[in-house]
Amino acid sequence: MVSAWSIVFMVFSLLLSLALVFRLYLLLRKRYGLKIIPALVGAAVFIVFAMVLEQLLHSLVLKKAPDGSIELLKYPLQYVLYGAFAAGIFEETGRFVAFKLLKRKFTGVSTALSYGIGHGGIEVLLLVTLLMISNIVTSIMINTGTTNLLGDTPQVVAGIEQLTTTEPWMFLMGGIERIFAMAMQISLSIIVWHSINTKGKVWLFPLAICIHAAVDVMPAMYQCGVVPNILLVELVTGIIAAILVIFTISAHKKFPKSSTS
């Protein structure tokens, strides 16, 4: 059986993820005059660069051995560096290319805000919303004894076991983690936008790659077993997100108004 609290937290994370994307866009659109096109471009760039191109590289680098293990996991340092910088390079390069193209028709930092919501929003919808919907449906089937409809493949069996053994609070973390992720995606979008639109600030682009990589270090360390405590990972992620937001706001205020209007 799946705990009732687990299902409650799944529903909460689902609603939180939806509210985070759409409510945030509506609030900032009213205040900063956001346009929908940069948001759609942000969503498309995430799909192309993170979900397609980056995954193609992963399929080559993270090949599984005949026993199902990943060879690179035997070398934690290499795995962490690869995982962190792969995400940083692909996503920030996609951001850089997108802003180069958007610059022709869209100006002002509102472009970065809109793009960041689109980029982070599609990430939320794909990684949390769809997952939680699937988890809720499967959990109901488990509790009503109708999982036979899903079949008995190894993937289904493993998924059922995971849902019935995972602590309820873990499902809550999925939604909370996305708040940190959205804050970082918007902040990184502003940083990369400035690297293109503020004279002499092109160095912000490689800085964004390094920041993104730093954010992904702890999750990568958790994946390879170096850091076994997921709460520690989320705590560090939250602290980094807060620092990044403060840095971004401070830096934006110091840049020439003519370049950020």
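These are my notebook entries on helix packing around H4, one pocket and one cavity in a predicted model.

**Entry 1: H2 against H4**

I began with helix H2, residues 36-61, and helix H4, residues 110-144, and found that they pack with their axes 7 Å apart, at an angle of about 50 degrees. The two helices are therefore oblique to each other, and I noted the crossing of H2 and H4 as right-handed.

I then asked which residues of H2 and H4 meet. On the H2 side I listed Pro38, Ala39, Val41, Gly42, Ala43, Val45, Phe46, Ile47 and Met51, while H4 brings Thr111, Ser114, Tyr115, Gly118, His119, Ile122, Glu123 and Leu126. Sorted by class, this contact of H2 with H4 has eleven nonpolar, five polar and one charged residues.

**Entry 2: H3 against H4**

Next I looked up helix H3, residues 76-102, whose axis comes within 12 Å of that of H4, the two crossing at roughly 135 degrees. H3 and H4 are therefore oblique to each other, and their crossing is right-handed. From H3 the contact takes Glu91, Gly94, Arg95, Ala98, Phe99 and Leu102, and from H4 it takes Thr111, Ala112, Tyr115 and His119. I counted this contact of H3 with H4 by class as five nonpolar, three polar and two charged residues.

Reading the two entries together, I see Thr111, Tyr115 and His119 of H4 listed in the contact with H2 and listed again in the contact with H3.

**Entry 3: H4 against H5**

How are H4 and H5 set to each other, roughly parallel or roughly perpendicular? Their axes come within 10 Å and cross at roughly 85 degrees, H5 being the helix of residues 154-165. As angles of 65 to 115 degrees count as roughly perpendicular, H4 and H5 are therefore roughly perpendicular to each other. The residues that meet are Asn135, Thr138, Ser139 and Ile142 in H4 and Ile160, Leu163 and Thr164 in H5. By class I find three nonpolar, four polar and no charged residues in this contact of H4 with H5.

**Entry 4: the second largest pocket**

I turned from helix pairs to open space, and looked up the second largest pocket, which holds about 440 Å³. Its lining is made of 17 residues, and those that lie nearest its centre are Tyr32, Leu113, Ile186, Ile190 and Ile249. The elements that give two or more residues to this lining are helix H1 (4-32), helix H6 (168-197) and helix H8 (230-254).

Which element gives the most to the lining of the second largest pocket? I found that H6 does, with six residues. In classes, the lining of this pocket has 13 nonpolar, three polar and one charged residues.

**Entry 5: the cavity**

How many cavities of 30 Å³ or more does the structure hold? I found one, and I noted the volume of the largest cavity as about 40 Å³. The residues that line the largest cavity are Ile191, His194, Leu204, Phe247, Thr248, Ala251, His252 and Phe255. H6 and H8 are the elements that give two or more residues to this lining, and the largest share, four residues, comes from H8. By class I wrote down five nonpolar, three polar and no charged residues for the lining of the largest cavity.

As a last note, I set the two linings side by side: H6 and H8 are among the elements that give two or more residues to the second largest pocket, and they are also named for the largest cavity.

Notes. Residues are numbered from 1 along each chain as its sequence is written. This is a predicted model: local features need pLDDT of at least 70, side-chain atom pairs count only at pLDDT 80 or more; totals for chains, interfaces and linings use all residues. Side-chain values use heavy atoms; hydrogens and water are left out. On a 1 Å grid over the protein atoms alone, a cavity is a set of points where a 1.4 Å probe fits but cannot get out, and a pocket is an open set with protein on both sides within 12 Å along at least five of seven lines; lining residues have an atom within 4 Å of a point. Grid points are joined across faces, edges and corners, and a volume is the space filled by probe spheres set on the points. Ala, Val, Leu, Ile, Met, Phe, Trp, Tyr, Cys and Pro count as nonpolar, Asp, Glu, Lys and Arg as charged, and the others, Gly among them, as polar. Axes are lines fitted to C-alpha atoms, for helices over the stretch in contact, and angles run from 0 to 180 degrees between N-to-C directions. Angles under 35 degrees count as roughly parallel, over 145 as roughly antiparallel, 65 to 115 as roughly perpendicular and the rest as oblique. A crossing is left-handed if the near helix is turned anticlockwise from the far one by less than a right angle, and right-handed if clockwise. Contact means heavy atoms within 4.5 Å.
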